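Hi everyone, thanks for making time. I'd like to walk you through one model today, so let's put it up on the screen.

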Amino acid sequence: MTSVIHTRAELAAAVAAVPGEVAVVMTMGALHEGHRTLMRTARARAPFVLVTIFVNPLQFGPNEDFEKYPRTLDADVAACAAEGVAVVFAPSRDEMYPGGAPQITMDAGPVGGILEGASRPGHFAGMLTVVQKLLMLTRADVAYFGEKDYQQLALIRRLVRDLELAVDIVGVPTVREPDGLAMSSRNRYLSPADRSAALALSRALRLGAASTDAESALATATKILAEEPAVRVDYLALTAPDLGPPPASGPARLLVAARVGGTRLIDNVPLTLAPSDRLPDPRPRQRA
């Protein structure tokens with residue numbers, strides 16, 4: 001049976017009673033199949049899985065959707081129960097930030113200022129701050145994050161490495177709808193026409209990643225996105241797996257962000273580059 005708790009004291013007592021590993025899945029609620037895949041992956045490793053549900057105000061900008069972000073706690077708890085989650089920790093804002101907005105937050109570093117960080121200043125400082133707090137409060141041995149939010153995953157791995165935190169960070173591949181659209185809590189905001197147009201993102205990434213040449217990968221993806229006028233591209237970028245400059249050969253990442261209607265979507269895929277005599281321009285490609 002899944003227990004739902006709301007306070008630090010309840011969380012401390014629940015974690016203290018665990019004889020083995022504590023596996024954590026951190027979410028902002030509005031759970032979908034992607035989140036449930038994280039839970040199932042965690043359950044395959046650890047019998048005790050804890051899901052956190054907290055819409056973190058620190059990672060929303062002044063013009064973003066904090067107030068309208070979906071809050072569906074009853075449905076979320078039911079999903080967690082169906083996946084065998086032991087505990088759901090759903091704190092209030094005051095429970096997470098008892099002294100009000102923290103005066104000291106995490107610095108996301110250089111990687112926090114590119115791609116999503118360039119479009120959403122302060123987002124990753126807020127995200128890393130709450131992740132660090134939740135890692136400490138839950139005493140997690142292992143934490144699971146989806147690769148759909150790839151820059152987030154890369155920064156959390158860097159946080160754990162740089163601060164020498166004793167927790168294993170596991171990335172889980174993006175879960176997609178049957179037509180290829182990456183699952184996201186924001187997909188519910190898409191009209192039928194917008195949802196159809198949004199398929200250009202996954203199509204561009206899939207066909208771009210089919211190339212083993214960096215320039216061809218970017219050119220293919222750029223062309224597909226340009227053919228869909230309803231998609232307003234924020235960035236399209238080819239990077240190393242750690243989001244540094246793209247390698248001459250080997251594993252890489254192709255990432256995109258775009259607005260479709262009033263909804264901002266992100267997606268990414270891995271690819272492997274063949275050796276080449278020249279490197280692509282590493283700067284993100286943009287279209288108004």
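Let's start with strand 5 and strand 6: they run parallel and are joined by five bridges. Keep in mind that what you see is a predicted model. If you'd like one pair to click on, take Gly-146, whose bridge partner in strand 6 is Val-172.

Helix 7, residues 150-162, packs on the sheet here, and it touches both strand 5 and strand 6. The direction of helix 7 makes about 165° with that of strand 6.

Now zoom out. In what order do the six strands of the open sheet come? The order is 1-4-3-2-5-6, and the pairing is parallel. At the edges stand strand 1 (3-5) and strand 6; each has a single partner strand, so one side of each is left without a neighbour in the sheet. On average, neighbouring strands are turned by 25° against each other, ignoring direction.

Next, helix 3, residues 73-82. Helix 3 packs on the sheet as well, touching strand 1, strand 3 and strand 4 (87-89), and its direction makes about 165° with that of strand 3.

Last stop, helix 2. Here's a sanity check you may enjoy: with 13 residues, 33-45, at 1.5 Å a residue, helix 2 should span 18 Å, and its end C-alpha atoms are 19 Å apart, which agrees.

Which residues of helix 2 are buried? They are Gly-34, His-35, Thr-37, Leu-38, Met-39 and Ala-42. Their cover includes helix 3 together with strand 2 (23-27), strand 3 (49-53), strand 5 (142-146) and strand 6 (168-172).

That's my tour; happy to rotate anything you'd like to see again.

Methods
Residues numbered from 1 in each chain as written. Predicted model: local features only at pLDDT ≥ 70, side-chain atom pairs only at ≥ 80, totals over all residues. Heavy atoms only, no water. Helix = DSSP H or I, 4+ residues; strand = E, 2+ residues; numbered from the N terminus. Expected span 1.5 Å × (residues − 1). Buried < 20%, exposed > 50% of the residue type's maximum accessible area, 1.4 Å probe, protein only. Contact = heavy atoms within 4.5 Å. Pairing = 2+ DSSP bridges. Axes fitted to C-alpha atoms, helices over the stretch in contact; angles between N-to-C directions.
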